[in-house]
Amino acid sequence: MAASVSKQNQSRLTRQAQPRAVGASRRRLAPERAMNKPLTVIFTAIILDAVGIGLIFPILPSLLAEVTHTENVAPFIGIMTALYAIMQFIFAPVLGSLSDRLGRRPVLLISLAGAAINYLFLAFAPNLWLLLLGRAIAGLTSANISVAMAYITDITPEAKRARRFGLFNAMFGIGFIIGPVLGGALGDYWLRLPFIAAAALNTCNLLLAFFVLPESRTPSYEKIDLAALNPLRPLRWVWSMKSLLPIVFIFFVFSASGEAYGTSWALWGSDTFGWNGLWVGLSLGAYGLCQTLAQAFLPGPAVKLLGERAAILTGIASVCVALTIMAFANQAWMVFAIMPIFALGGIGVPALQSLATRQVDESQQGQFQGVLASAVSLASIAAPLGFSSFYFVVRAQWPGAIWLSVVAVYAIGAVLVLGLQLKQPASLAEAG
């Protein structure tokens, strides 16, 4: 009898436990499904953003030549890029901190609206001053990348961040496949048309985020201290945390290296191979295709196989090999042939981003991403002016020398990575 009652009780308890177990399973699956929708929106927004940026790269030199009435527009490209970066430096950390207080979504919407306004200025500006005003507005509101990174950090477990940051960069690569090719073709038809298309894409981006994207964190709605709006305050915060300085400086060096492409690629292609806008767009599109494939499939396995530090160094080595070949290239096909090597450089970027997010706790991610955006902005102030000035000097004798200067900057980054003291992932720390 006791055994029978025991079995009945066990059966009843089992039946009662099953719905709870199923409910728990559903609750575990629900957040995963909930995360897929925001990720899809963020990744789509990044694609549209990259298409908008890529549209203007092939024809920006021609636009500047039209409004400045001069052939040597390298200094003006440097000035426009630096102005954007100055405004970004002032406001990106502030917007990053505000995203921690007010939420990611409103800050992202503001930045997307600013980008759309900027492209309208580029589309219709009759002179250099209005072009500069448009770039200033875009720089003031340019928090979309750093806020999107913080958004992904909010909804992604630490173990999955390297892969999702790799996908993030892959989405940007997809946009860069489409954008430059389309921009080059449209620009050869009418010089202003790519900027109108970029404005339309950013408007679509804004509407997508407004109607579909949910908030990723609960806003605190704390009273905003006016002192927090000081753009130098986040930098003082990171300066007080000495362990963060090396990785911030690494971001600075990497970002400085990347500025050479936007400043010099179109000019170099035209001077070296006689490329028109379409061929500049095709070369950038090929670069974007290889980057997308590499960053979609390689970062996760590369980090598991090599570790974060070795993945970053492998990326640096690959880029330096490709840049050295580009410096001496005398046939256009050589540029397209080295794109797979070039793309391997992308495996280190997600590893660096994942490593960076591990340096602070979750409540400070927005602020830290804002600081990293400031480092990128500082690099974007100095590097375009430096690279454009260097290109002005070497343009007549050897345009390809610009790429060797980029190799030298990457070499500094490699030394910094070798000396970096890494904080262990939480799983390894607990195991130890």
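User: Buried means under 20% relative accessible area, exposed means over 50%, and partly exposed lies in between. By that rule, does D271 count as buried, partly exposed or exposed?
Analyst: This is a predicted model, and the classes apply to its computed areas. The relative accessibility of D271 is 30%. Since the limits are under 20% for buried and over 50% for exposed, D271 counts as partly exposed.

User: With which residue does the side chain of D271 meet in a salt bridge?
Analyst: D271 belongs to helix α10, residues 245-273. Its partner lies in the loop between α17 (365-394) and α18 (401-418), so the pair ties together parts that are 124 residues apart in sequence. The N to O distance is 2.7 Å, and the partner is partly exposed at 25% relative accessible area. The residue is R395.

User: How many salt bridges does the count come to?
Analyst: Besides the pair of R395 and D271, a salt bridge joins D154 and R104. E66 also forms one with R192. The count comes to 3.

User: How far apart are the closest N and O atoms of E66 and R192?
Analyst: E66 sits in helix α2 (residues 60-68), while R192 is in the loop between α7 (161-189) and α8 (193-212). The two are 126 residues apart in the chain. A salt bridge requires the nitrogen and the oxygen to be within 4 Å. For this pair the closest N and O atoms are separated by 3.1 Å.

User: What is the relative accessible area of R104?
Analyst: R104 is in helix α4 (residues 104-124), and its salt-bridge partner D154 is in helix α6 (residues 144-155), 50 residues away. D154 is partly exposed at 22%. R104, by contrast, falls under the 20% limit for buried residues, with a relative accessible area of 1%.

User: Which helix gives the largest share of the largest nonpolar core?
Analyst: The largest nonpolar core holds 86 residues. Those with the most contacts inside it are Y261, W265, L323, F342, F368 and W403. A single helix contributes 13 residues, the largest share. That helix is α10.

User: Leaving aside neighbours within four places in sequence, with which residues is Y261 in contact?
Analyst: Y261 is one of the residues with the most contacts inside the largest core. Contact here means heavy atoms within 4.5 Å. On that basis, and leaving aside neighbours within four places in sequence, the partners of Y261 are V319, L323, F342, W403, V406 and Y410.

User: How many residues are in the second, separate core?
Analyst: A second core stands separate from the largest one. Its members include L109, L112, F168 and A296. The size of this second core is 25 residues.

User: From which helix does the largest share of the nonpolar patch come?
Analyst: The surface patch is formed by L289, L293, F297, L298 and L344, with about 460 Å² of accessible area together. Of these, L298 lies in the loop between α11 and α12 (299-306) and is partly exposed at 34%. The largest share, 3 residues, comes from a helix spanning residues 277-297. That helix is α11.

User: Which residues does S405 touch, not counting those up to four places away in sequence?
Analyst: S405 has its place in helix α18. Its relative accessibility is 16%, so S405 counts as buried. Not counting residues up to four places away in sequence, S405 touches F387 and F390.

Definitions and conventions:
Residues are numbered from 1 along each chain as its sequence is written. This is a predicted model: local features need pLDDT of at least 70, side-chain atom pairs count only at pLDDT 80 or more; totals for chains, interfaces and linings use all residues. Side-chain values use heavy atoms; hydrogens and water are left out. Helices (H or I, at least four residues) and strands (E, at least two) are DSSP runs, numbered from the N terminus. Buried means under 20% relative accessible area, exposed over 50%, partly exposed in between (1.4 Å probe, protein chains only). A nonpolar core is a set of buried Ala, Val, Leu, Ile, Met, Phe, Trp, Tyr and Cys residues joined through side-chain atoms within 4.5 Å. Patches are made of residues with over 30% relative accessible area and no salt bridge: like charges are joined within 9 Å, nonpolar side chains (Val, Leu, Ile, Met, Phe, Trp, Tyr) within 5 Å. Accessible areas come from the Shrake-Rupley method with a 1.4 Å probe; for residues, only the protein chains shown count as cover.
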